[in-house]
Structures are given as structure tokens and as C-alpha cells.
Amino acid sequence: MIRTRLVGTGRCVPERVKTNDDIARRVDTSDEWIRTRTGIRKRHVLGEHETTSDMAVEAARQACASAGIAPADIECIVLATTTPDMPMPSCAIMTQHKLGIRGPAFDVGAACAGFTYGTTVVDGLIRGGLYRRVLFIGAEALSKFMDWDDRTTCILFGDGAGAVVAVADEQDVPASDPRARGILSSHLDGDGRFWADLNIPAGGTALPPSVETVTEGKHYLRMNGRVIFSQAVRNLSDACEQALRKVELSPDEVELVIPHQANLRIIDAVARRTRIPQDKFVVNLDEYGNTSAASIPIALDEAVRAGRVDEGTLLLHCGLGAGLTWGAVVVRW
Ligand code: COA
């Protein structure tokens with residue numbers, strides 16, 4: 001049977017940093033409030049002329065280098081984002097162009113669940129026998145869609161990109177066998193009834209950009225934080241349990257969890273509900289804030305480079321985003 005293995009990782013965040021104090025100089029908030037309610041200390045934001053694909057390219061180059069695969073040998077690029085350089089063409093094709101390579105490339109849009117959804121798409125492409133080497137990137141620049149006068153949202157998000165190289169691997173053991181390596185299972189879900197609780201109202205076909213949409217700030221991200229918070233805790237915990245159950249693994253066997261980095265209190269609550277100890281959760285939102293579809297691959301790359309991931313390590317990653325969309329993926333490295 002073909003299984004999908006992840007063999008290289010990379011990441012890129014912009015140089016420019018916005019601290020909590022920088023934000024507190026503009027809106028009525030404080031470093032203390034942001035840290036205690038979210039765990040975030042700072043975030044990296046793109047400069048005026050930098051784009052999402054600029055970060056994606058750097059993360060992709062690092063992932064290819066660590067996989068020992070030349071970008072030219074990549075057969076397909078999948079890129080999770082809701083903040084592409086422009087509405088069309090895709091951020092994936094812009095990234096492909098900047099890498100100087102050719103071949104199929106497309107975006108997956110599931111907001112902050114983009115990396116989790118995209119991993120499942122890439123796994124399908126590889127296990128279906130379509131491609132043997134896929135470059136998969138999560139890249140996001142929500143700072144460009146922030147209302148920096150809205151203290152309920154602007155404290156949360158940052159920009160960045162993370163990438164993995166996924167390859168086909170022939171294996172003849174079931175997923176529950178400790179010798180099985182790569183993506184073992186995934187569980188995705190979604191509930192569109194919550195679309196209005198987290199969205200960017202204008203800029204699409206419902207409200208095309210106009211002088212009015214800009215004047216009224218409808219091109220900015222809007223969120224009902226409390227609703228998202230409680231949905232995140234419940235649905236992420238549930239997705240982790242479902243993904244593990246599919247391959248008859250128990251939470252005790254998980255060695256590392258890479259959660260979407262939205263809020264430290266959400267991560268702590270998911271740890272309690274899934275009964276996976278907190279110290280198994282990778283947390284870096286203090287440094288980057290919520291980088292949406294990029295948060296999991298950035299944290300994964302940091303964990304790999306810090307030596308927290310070895311051959312055979314059992315990983316779980318989970319994400320939830322606008323939609324709502326959510327899911328979890330079980331991987332043995
Ligand atoms: N600084 C100071 N006070 C703030 C503030 C800020 N940045 N943002 C909100 N407040 C105020 C509110 O106005 C409210 O005041 P009130 O009680 O006088 O009305 C009070 O703080 C509590 O607001 P509340 O929304 O209940 O805070 P919270 O504890 O839920 O924290 C979030 C707000 C946004 C941090 C939290 O809801 C959250 O993280 N939600 C999930 C968001 C998320 O992860 N989104 C992305 C998903 S991918």
C-alpha cells in the first residue's frame with residue numbers, strides 16, 4: 001500500500017515585528033491583557049510590498065533542502081491560504097513561478113484549518129497514485145486584512161508560512177502497527193452555520209470591493225471571539241479523538257501535538273479534554289500570534305529542528321478556522 005510520508009520542513013516569517021505594546025499605543029488594550037487572555041506577546045507582519053507568496057517561496061526552499069529534493073523534482077504544489085497575493089491566480093501558482101519550476105499548483109481554502117484540510121488533500125493525491133512528490137505549504141498574511149483599530153481582532157493574528165515535502169512510500173503494515181510511518185489517519189468536519197462569526201465580509205461576490213465597502217471597513221476580518229473560542233475547544237478535542245480512534249490509537253500513545261496556534265487558553269482546554277498532557281503540545285503563539293493556515297507547519301518545522309520529532313514519533317495536528325472548518329491528522333514521523 002502507498003502511504004504519505006513527510007520528509008522535509010521549512011518556515012518563513014517576516015522580519016517586521018509588532019509587539020503588544022506597539023498595539024497598545026494605538027488601541028485601548030495592554031500587554032498584560034493580551035498575554036493573559038491569549039498567550040501572545042508579539043507577531044510578525046509583512047511590509048507594504050511583501051506578499052504571501054514571498055514567504056511561501058522561502059519556506060518551500062527550506063523544506064525541499066531539508067528533504068534533499070530539488071524544487072524541480074516536485075510534481076505538484078498545494079498551498080493552504082485564504083490570503084493569496086491577489087484573488088487570481090492562485091498563491092500556489094505565484095509560488096511555483098517564483099521557485100522557477102513548472103507543474104500543477106493550486107490553493108486549498110479552509111482558513112485556519114487550511115493545513116489540516118490540505119494535508120488530507122495531499123494524502124489523497126499521493127495515496128491515489130497521482131503524484132509521488134508534493135510540496136505542501138501553509139502561507140497566510142492576515143495582517144493585510146486587519147482593522148488595526150479593532151482591539152478584539154488585531155491582537156490575535158500574524159503572518160508567516162510553513163512548508164512540508166510529502167512523498168509516496170510503499171508499506172505493507174496496517175496503520176496501528178508501530179512500523180507504519182507517515183499520515184495514518186485524518187478526520188475533517190465543518191459547520192457553515194457559523195460563517196458569520198468569523199469572516200471578511202467584502203471583496204468577494206457577496207460584496208465586491210467598492211468605495212462603500214472600504215469606507216465601512218468591510219474588507220477587514222470580523223469575529224465573534226466568544227463563539228469561536230467555545231467551538232474551537234469542543235471541535236478540536238472531538239477531532240483529535242476521532243482521528244485517533246480511526247486507527248485504534250489512544251491519546252496516551254501520542255508523543256507530540258501540534259495544535260493550531262490561536263489562543264493558549266484554547267490549547268490548554270483541548271489538552272484537558274483529550275487528556276493529553278500539556279507538555280506534549282507545541283506552543284509558539286507567544287512569538288507569532290495566530291498565523292492561520294501557516295501556524296501548524298511553522299510549529300512543526302520548529303519542533304523538527306529542535307529535535308522534538310524523531311523517526312517514529314507519533315504526532316497529532318489539529319486546526320479550526322472560519323467556516324467553521326476543523327479537523328485533526330495523525331502522523332508517525
Ligand atoms: N484589550 C482589552 N480589553 C479587551 C480586548 C483587548 N484587546 N478585547 C476585548 N476586550 C474586552 C471586551 O470588550 C470585554 O469587555 P466588556 O466585558 O466590558 O464587554 C472584555 O474584554 C471581555 O471580552 P471577551 O470577548 O469575553 O474576552 P475573551 O476572554 O473571550 O477574550 C478573545 C477575547 C478574542 C481573546 C477570545 O474570545 C478568543 O481568543 N477567541 C477565539 C478567537 C480565535 O481563536 N479566532 C481565530 C480562530 S482560527
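Me: In this predicted model, what makes β1-β7-β6-β4-β5 a sheet, and which kind of pairing does it have?

Reply: Two strands count as paired if DSSP finds at least two bridges between them. On that basis 5 strands line up in the order β1-β7-β6-β4-β5, giving an open sheet with mixed pairing.

Me: Why are β1 and β5 called edge strands?

Reply: β1 (2-12) and β5 (105-108) each pair on one side only. As for the twist, neighbouring strands of this sheet are turned by 20 degrees against each other on average, ignoring direction.

Me: How do you know that β1 and β7 pair, and which way do they run?

Reply: The cut-off is at least two bridges, and 10 bridges join β1 to β7 (residues 159-170), so the two strands are paired. They run antiparallel. Within that pairing, R3 sits opposite D169 of β7.

Me: And what packs on the sheet, touching β1, β6 and β7?

Reply: That's helix α10 (residues 295-305), whose direction makes about 90 degrees with that of β1. Helix α3 (residues 52-67) also comes in: it lies across β1, β4 (76-80), β6 (133-141) and β7, and runs at about 125 degrees to β1.

Me: How do you know that the span of helix α5 agrees with its number of residues?

Reply: Helix α5 (residues 114-127) has 14 residues, and at 1.5 Å a residue they should span 20 Å. The end C-alpha atoms are 20 Å apart, so the two values agree.

Me: Which residues of α5 are buried, and what follows the helix?

Reply: The buried ones are G114, F115, T116, G118, T119, V122, D123, L125 and I126. After α5 comes G129, with a positive phi near 85 degrees.

Me: What makes the peptide bond from M88 to P89 cis?

Reply: Its omega is near 0 degrees. P89 belongs to the loop between β4 and α4 (91-99).

Me: What about the bond from G323 to L324?

Reply: That one is cis as well, again with omega near 0 degrees. L324 is in the loop between β12 (314-321) and β13 (325-332).

Me: Why is E248 called exposed?

Reply: Exposed means over 50% relative accessible area. E248 has 67%, so it qualifies. E248 lies in the loop between α7 (225-246) and β11 (256-259), and its phi is positive, near 55 degrees, in a residue other than glycine.

Me: S292 has a positive phi too; is S292 buried or exposed, and why?

Reply: Buried means under 20% relative accessible area. S292 is at 2%, so it counts as buried. Its phi is about 55 degrees although S292 is not a glycine, and its place is the loop between α9 (285-288) and α10.

Me: How many residues surround the ligand, and which are the closest?

Reply: There are 21, and the closest are T29, R37, R151, R226 and N263.

Me: What makes the pair between R151 and the ligand a polar contact?

Reply: The cut-off is a pair of N or O atoms within 3.5 Å. A backbone N or O atom of R151 is 3.0 Å from a ligand nitrogen atom, so the pair counts.

Me: Where do W33 and R265 come in?

Reply: W33 has a polar side-chain atom 3.5 Å from a nitrogen atom of the ligand. For R265, an N or O atom in the side chain is 3.1 Å from an oxygen atom of the ligand.

Methods
Residues numbered from 1 in each chain as written. Predicted model: local features only at pLDDT ≥ 70, side-chain atom pairs only at ≥ 80, totals over all residues. Heavy atoms only, no water. Helix = DSSP H or I, 4+ residues; strand = E, 2+ residues; numbered from the N terminus. Axes fitted to C-alpha atoms, helices over the stretch in contact; angles between N-to-C directions. Contact = heavy atoms within 4.5 Å. Expected span 1.5 Å × (residues − 1). Buried < 20%, exposed > 50% of the residue type's maximum accessible area, 1.4 Å probe, protein only. Near = heavy atom within 4 Å. Polar contact = N/O pair within 3.5 Å; in protein donor to acceptor, adjacent residues only side chain to side chain.
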